[in-house]
Amino acid sequence: MNAFIEATKWPMGFEPDDTTSLLQCTIVNERTSVGTSVGQHVHQTGQFVVALSGLVGLALGRNRIAFPPSSAAWVPPGCRHEGFLGEGAVSLYCHINPEWAAMLPTEPYRLLLSPMVIAMLKHFSTLPRRYPMHSHEARLAGVLFEELAAAPKLPISFVLFPNHPALKRIAESIIQSPQLDRPVASWAQETAMSERTLARLVLKETGLSFGAWRL
């Protein structure tokens with residue numbers, strides 16, 4: 001049985017380090033089973049990791065960052081990372097060539113995307129990944145890049161996904177059943193912790209109170 005959260009798996013034929021393309025996009029909805037992923041790695045290209053549905057996130061060093069649909073994360077070239085997906089989640093990866101990536105921040109950050117930008121990203125995922133430099137596609141890529149660069153920015157640590165096994169189980173339960181409205185005492189009992197210990201652990205792992213993290 002698959003774990004609820006696993007590393008992303010590139011679609012067949014996608015080359016994330018292809019530096020000949022100005023901008024290339026691909027939909028990612030497959031996962032790599034636990035124990036067979038390559039772990040955190042780097043790319044020559046920069047990438048926007050876009051959440052389309054479900055639990056989408058990144059491992060960056062010791063942190064695991066989850067972000068909701070209609071948002072994305074920028075990962076600059078050379079930044080160690082690993083993407084992950086919850087069961088049934090869908091993400092989109094937009095890779096930017098190093099020349100364009102050099103015009104963006106050198107540190108990861110989160111960003112909010114408009115419906116227009118998401119539609120453009122999905123459109124690019126259907127196009128050939130190589131197109132002439134002065135083609136219509138190349139001009140459209142320039143517009144999309146400008147929109148991504150101008151999108152509202154958020155701190156990368158806006159939503160932290162916990163590393164502690166007990167908190168991961170709680171997070172998975174909440175994601176699978178968002179209507180759950182159990183009090184902290186109930187979660188504490190399930191994880192064999194006191195309410196105080198659970199609250200301290202959530203604060204340590206996420207920087208938020210249990211109530212704020214639950215939302």
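Where does Ser70 lie? Ser70 is placed in the loop between S6 and strand S7 (71-75). The legends below describe close-up views of a predicted model.

**View 1. Two residues other than glycine, Ser70 and Ala192, take a positive phi.** Most residues other than glycine have a negative phi. Ser70 departs from that pattern, with phi near 75°. The loop that holds Ser70 connects S6 and S7, and the residue is partly exposed, its relative accessible area being 37%. Ala192 has a positive phi of about 60°. The loop of Ala192 runs between helix H5 (184-190) and helix H6 (195-206). With a relative accessible area of 72%, Ala192 is exposed.

**View 2. Strand S5 (residues 56-60) is largely enclosed by the rest of the structure, because five of its five residues are buried.** On one side of S5 are Val56, Leu58 and Leu60, and on the other are Gly57 and Ala59; all of these are buried, and both faces are thus covered. S5 pairs with strand S6 (residues 63-67) in the antiparallel sense over five bridges. A further antiparallel pairing, over four bridges, joins S5 to strand S8 (residues 82-86). Gly57 can be followed into both neighbours: its bridge partner in S6 is Ala66, and in S8 it stands opposite Phe84. Two residues lie between the strands in the hairpin of S5 and S6, where Gly61 takes a positive phi near 65°.

**View 3. Charged ends of arginine sit over aromatic rings at Phe84 and Trp187.** Phe84, the residue of S8 opposite Gly57, has the charged end of Arg64 over its ring, 4.3 Å from the ring centre. Arg182 lies over the face of Trp187, and here the distance to the ring centre is 3.9 Å.

**View 4. The largest nonpolar core contains 29 residues.** Leu23, Phe48, Cys94, Ile96, Leu113, Leu121 and Leu148 are the residues with the most contacts inside this core. At least two residues of the core come from each of strand S2 (23-28), strand S4 (46-53), S7, strand S9 (90-96), helix H1 (98-101), strand S10 (109-112), helix H2 (115-124) and helix H3 (136-150). A second core, separate from this one, has 14 residues, including Val56, Ile65, Phe67 and Ala89. Val56 is also one of the buried residues of S5.

**View 5. Leu113 is shown with its contacts in the model.** Which residues does Leu113 touch, not counting residues up to four places away in sequence? The contacts are Val50, Ser70, Ser71, Ala72, Ile118, Leu121, Leu148 and Ala151. Among them is Ser70, the loop residue with a positive phi. Leu121 and Leu148 are, with Leu113, among the residues that have the most contacts inside the largest core.

**View 6. An open sheet of six strands has the order S2-S9-S4-S7-S10-S11, with antiparallel pairing.** S2 and strand S11 (153-154) stand at the edges; each has a single partner strand, so one side of each is left without a neighbour in the sheet. The partner of S11 is S10, and the two pair in the antiparallel sense over two bridges. Arg110 stands opposite Leu154 of S11. Helix H3 lies across S2, S4, S9, S10 and S11, and runs at about 70° to S2.

**View 7. Trp100 and Phe145 form a tilted aromatic pair.** Their separation is 5.0 Å centre to centre, with 35° between the planes. The pair links distant parts of the chain, as Trp100 belongs to helix H1 and Phe145 to helix H3, 45 residues apart. Both residues are buried: the relative accessible area of Trp100 is 14%, and that of Phe145 is 8%.

**View 8. Trp10, Phe14 and Tyr93 form one aromatic cluster.** The count of aromatic pairs in the model comes to four. In the pair of Trp10 and Phe14, the ring centres are 5.1 Å apart and the planes lie at 35°, so the pair is tilted. Trp10 is partly exposed, at 28% relative accessibility, whereas Phe14 is buried, with a relative accessible area of 7%.

How values were computed:
Residues are numbered from 1 along each chain as its sequence is written. This is a predicted model: local features need pLDDT of at least 70, side-chain atom pairs count only at pLDDT 80 or more; totals for chains, interfaces and linings use all residues. Side-chain values use heavy atoms; hydrogens and water are left out. Buried means under 20% relative accessible area, exposed over 50%, partly exposed in between (1.4 Å probe, protein chains only). Two strands pair if DSSP finds at least two bridges between them. A nonpolar core is a set of buried Ala, Val, Leu, Ile, Met, Phe, Trp, Tyr and Cys residues joined through side-chain atoms within 4.5 Å. Contact means heavy atoms within 4.5 Å. Rings of Phe, Tyr and Trp (its six-membered ring) pair if their centres lie within 6.5 Å; planes under 30 degrees apart count as stacked, over 60 as edge-to-face and the rest as tilted. A charge sits over a ring if NZ of Lys or CZ of Arg is within 6 Å of the ring centre and within 35 degrees of the ring normal. Axes are lines fitted to C-alpha atoms, for helices over the stretch in contact, and angles run from 0 to 180 degrees between N-to-C directions.
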